[in-house]
Amino acid sequence: MVFFGGCKPAFLICREVKFISREHRINENIRVREIRVVDVDGKQLGVLPTREAFKLAEERQLDLVEIAPQAKPPVCRIMDYGKFRYEQSKREKEARKNQRIINVKEVKLRPNIDDHDFNVKAKNAIRFLKDGDKVKVTIMFRGRQIVHPDLGKKLLERMAEQVTDLANVERQPKLEGKNMIMILAPKQQQE
């Protein structure tokens, strides 16, 4: 780095950032005197010195893996670490595959919207709900329209009636500033 005048300022402090990894300590990386050892079958071998436990794992051509480092003494298991990592990554991949991301789509209306325009917005809301997304219906008031929030509420209730077979009202119509907002959630998500 080059600073003004070519020298570093006195107030610049460099810090070493250490990342905490979720990796398990294995074999020689276990730096504790005594550990509680669990066999491949899940049978407890008791509290052993680390070197002795490491030799046991070497004899069986397996790895010594620290499972619970926060325990007193730390718990280690004799296992095939490569196989363990592979199975763990498979479980994580399966969990990600079954995960459903829910988006919130927005439909904006005005209080004096025409019937045809309202029907187009309702069709869009129905399409979003069929895709499994939540729908945020917003009535935007302009100028003196804010004096009549009852018109907006009637419009939102009409929208809720249009999609009643596909959605539940998750959040009732509420005035926030110059907007009135209602949130609809698809029914299969609620069950």
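Mentor: A crossing is left-handed if the near helix is turned anticlockwise from the far one by less than a right angle, and right-handed if clockwise. This is a predicted model: local features need pLDDT of at least 70, side-chain atom pairs count only at pLDDT 80 or more, and totals for chains, interfaces and linings use all residues. Numbering starts from 1 along each chain as its sequence is written, and side-chain values use heavy atoms, without hydrogens and water.

Trainee: OK, so which hand does the crossing of α3 and α4 have?

Mentor: Right-handed, that is, the clockwise case. Helices (H or I, at least four residues) and strands (E, at least two) are DSSP runs, numbered from the N terminus. Here α3 covers residues 115-130 and α4 residues 149-162.

Trainee: What makes α3 and α4 oblique to each other?

Mentor: Their angle is about 50°, with the axes 10 Å apart. Axes are lines fitted to C-alpha atoms (for helices over the stretch in contact), with angles from 0 to 180 degrees between N-to-C directions. Under 35 degrees is roughly parallel, over 145 roughly antiparallel, 65 to 115 roughly perpendicular, and the rest oblique. The angle falls in that last group, so α3 and α4 are oblique.

Trainee: Which residues make that contact?

Mentor: Contact means heavy atoms within 4.5 Å. From α3 come Asp115, Phe118, Asn119, Lys121, Ala122, Ala125 and Ile126, and from α4 Leu155, Arg158, Met159 and Gln162. By class that contact has 6 nonpolar, 2 polar and 3 charged residues (nonpolar: Ala, Val, Leu, Ile, Met, Phe, Trp, Tyr, Cys and Pro; charged: Asp, Glu, Lys and Arg; polar: the others, Gly among them).

Trainee: What makes β5 and β7 edge strands?

Mentor: Strands pair if DSSP finds at least two bridges between them. This open sheet runs β5-β6-β8-β7, with mixed pairing. β5 (104-109) and β7 (167-176) each have a single partner strand, so one side of each has no neighbour in the sheet.

Trainee: How do you know that β7 and β8 count as paired?

Mentor: DSSP finds 7 bridges between β7 and β8 (residues 179-186), in the antiparallel sense, and at least two are needed. Lysine 174 stands opposite isoleucine 181 in β8. α3 packs on this sheet, touching β5, β6 (134-140), β7 and β8, with its direction at about 175° to that of β5. α4 also lies across β5, β6, β7 and β8, running at about 10° to β8.

Trainee: What is the strand order in the sheet that holds β1?

Mentor: β2-β1-β4-β3, an open sheet with mixed pairing. Helix α1 (residues 50-59) lies across β1 (34-38), β2, β3 and β4, at about 130° to β2.

Trainee: Glutamate 66 sits in strand β3, so why is glutamate 66 called buried?

Mentor: Buried means under 20% relative accessible area, exposed over 50%, partly exposed in between (1.4 Å probe, protein chains only). Glutamate 66 has 3%, so buried fits. Beyond its neighbours within four places in sequence, glutamate 66 contacts His24, Arg25, Ile30, Val32, Pro74, Val75 and Cys76.

Trainee: And why does glutamine 61 count as exposed?

Mentor: Its relative accessibility is 74%, so exposed it is. Glutamine 61 lies in the loop between α1 and β3, and its phi is near 55°, a positive value in a residue other than glycine. Most residues other than glycine have a negative phi, and most peptide bonds are trans.

Trainee: Where is there a cis peptide bond?

Mentor: Between lysine 72 and proline 73, with omega about -15°. Proline 73 is in the loop between β3 and β4.
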